[in-house]
Amino acid sequence: MPGNSSLLGRLYVLLLYILLQAAAITMLVRNSYFQQSFIMRGIHGIQYGLWEKSANIKNYFQLRSLNRTLAEENAQLRNRLSQLTDLESLYRSAMASDSLTVRDRAAFFYIPAEVVHSTTQRQNNFLIINKGKAQGVRPDMGVICNKGVVGIVNHVTQNYASVISLLNISQRISARLLPEGSTGTLLWPGKSSRTMLLTDFLQHQNVHLGDTVVTSGLSAVFPPDIPIGSVSGQAVKKGIYLDLDVSLFMRFENLRYVTVAGQRYQDEIQSNIEQEDAY
Amino acid sequence: MPTNLKYFLRFLLFLLLQIFLFDRLSLGIYLYPCPYILFLLLFPFSYRTAPLLLWGFAIGIGIDMGGSGLLGLHTSAALVLALIHKGVLHSLYTKEAFDNIAVPSIRTLGWSRFIAYVGFCVLIHHVVFFSLESYMPRFWGQNILRLLCSGAFNIVFITLLSFLFVPLRRNK
């Protein structure tokens, strides 16, 4: 072997390899830390802007179908609004003496955003949305759309945010099965972008095909009762738990408009959790 | 053209192709085209391993940073590939016939040995890549299927692509 036939040469190559490989593995293990590093912020600044431009061109050709989806969502929201207005007036009259209004008590606030870039074919899928730190998006906020849950914000730049998609094998969210309302953990088995797996679900409940799975609201990341999908396959027994196939209502491939759900009292909840952990 | 400039242009070509074309194709989870493997396979027999490791690190981290996925995934797989590159070539080729300027290709290695070379390197790369991407035991079954599908596809694709860089017959 010319060049590195000596023992010293081989040792040098091996050391170099170990050094570089250690750097690679460190980046892999502490991924979210390195995504927020100085260098990556610079790269993201350029990259996300480019992606937004190319998404704008692509979306121009889908305006008609996007319009229809938006109109449908609008109608749904109007219905919901009218229901809630009734409730609010009832509530107000009941609480006439209280100085707090319903608005102040709402635990979640919402920031609309557009998807700039997304992947669905990897095992670790991410989305980039066009709202960031400047618009009030922070890490660990939930991202939803009119048909279900999209993911959780991973890191933010000034005007963009990277979201860990629901289609990511390291993502776990807490979910509830209607009508009985018992909870389980929803995860992605890495195969199709349309099916998830509901695990850690206690065996003694009645489960029927087509039962709806919704967010549980236990994690303070997502508002409760957002429909996610429906049970689409026979339950598989795993010890005292059941595994259920869940078919998503949402199609990740042509997702465009999403909503970031911020928990108004996130800091307060977090500090309580940390205090609990301290004991 | 100075060889280092040639390698650098080739580096840019494979990096941009991977980021802007092959990473953005939606071919399902079972097919993942990785033509950038060819960048490392095209280095001449005599190329030293230390600079090859640096090239491997550079193209790996470039692809990782250009995508939106996990940092370090392609870097790690490309490093392993750069490390074994020379050993694989030596096991396929006798030392007497070792030509210092020869580049691995169908012409210099012959069909069967070149495909064995590409095949072995692609499989090693894929084993590292897929096991780092999802190392949980839950996914073993489907990861082996993904490895075999992507592997077979990439071996054929990279073999065909290599004709663009090293012509089958000597010119003139």
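The following dialogue examines how certain descriptions of this predicted model are justified.

Trainee: Why is Met27(A) counted as buried?

Mentor: Met27(A) has a relative accessibility of 9%, and buried means under 20%. Met27(A) therefore counts as buried.

Trainee: Which residues does Met27(A) touch, leaving aside those up to four places away in sequence?

Mentor: Met27(A), which lies in helix H1 (residues 7–29) of chain A, touches Phe34(A), Ile61(B), Leu71(B), Gly72(B) and Thr75(B). Contact here means heavy atoms within 4.5 Å.

Trainee: What separates Met27(A) from Glu88(A) in sequence and in space?

Mentor: The two residues are 61 positions apart along the chain, and 50 Å lies between their C-alpha atoms.

Trainee: What makes H6(B) oblique to H7(B)?

Mentor: Helix H6 (residues 111–133) of chain B packs against helix H7 (residues 140–165) of chain B at an angle of about 140°, and their axes are 9 Å apart. That makes H6(B) oblique to H7(B), because roughly antiparallel requires an angle over 145 degrees and roughly perpendicular one of 65 to 115.

Trainee: What is the handedness of the crossing between H6(B) and H7(B)?

Mentor: H6(B) passes H7(B) in a right-handed crossing.

Trainee: Which residues form this contact, and what are their classes?

Mentor: From H6(B) the contact includes Trp111(B), Phe114(B), Val118(B) and Phe130(B), and among their counterparts in H7(B) are Arg146(B), Leu147(B), Ile155(B) and Phe163(B). By class, the contact of H6(B) with H7(B) has 12 nonpolar, eight polar and two charged residues. Glycine counts as polar in this scheme, and both Gly119(B) in H6(B) and Gly151(B) in H7(B) take part.

Trainee: How do you know that chain B is built from helices?

Mentor: Chain B has seven helices and zero strands, and its pattern along the sequence reads α-α-α-α-α-α-α. Chain A, by contrast, has six helices and 13 strands.

Trainee: How much of each chain is buried?

Mentor: In chain A, 41% of the 279 residues count as buried. For chain B the share is 56% of 172 residues.

Trainee: What share of the contacts in each chain joins residues at least 24 apart?

Mentor: Among contacts between residues at least 6 apart in sequence, the share is 59% in chain A. In chain B, it is 72% of the contacts with a separation of 6 or more.

Trainee: What do carbon and sulfur atoms contribute to the accessible surface of each chain?

Mentor: They account for 57% of about 15700 Å² in chain A, and for 70% of about 7700 Å² in chain B.

Technical notes. Residues numbered from 1 in each chain as written. Chains lettered and ligands numbered in written order. Predicted model: local features only at pLDDT ≥ 70, side-chain atom pairs only at ≥ 80, totals over all residues. Heavy atoms only, no water. Axes fitted to C-alpha atoms, helices over the stretch in contact; angles between N-to-C directions. Helix = DSSP H or I, 4+ residues; strand = E, 2+ residues; numbered from the N terminus. Parallel < 35°, antiparallel > 145°, perpendicular 65-115°, else oblique. Left-handed = near helix turned anticlockwise from the far one by under 90°. Buried < 20%, exposed > 50% of the residue type's maximum accessible area, 1.4 Å probe, protein only. Areas by Shrake-Rupley, 256 points an atom, 1.4 Å probe, with all protein chains shown as cover.
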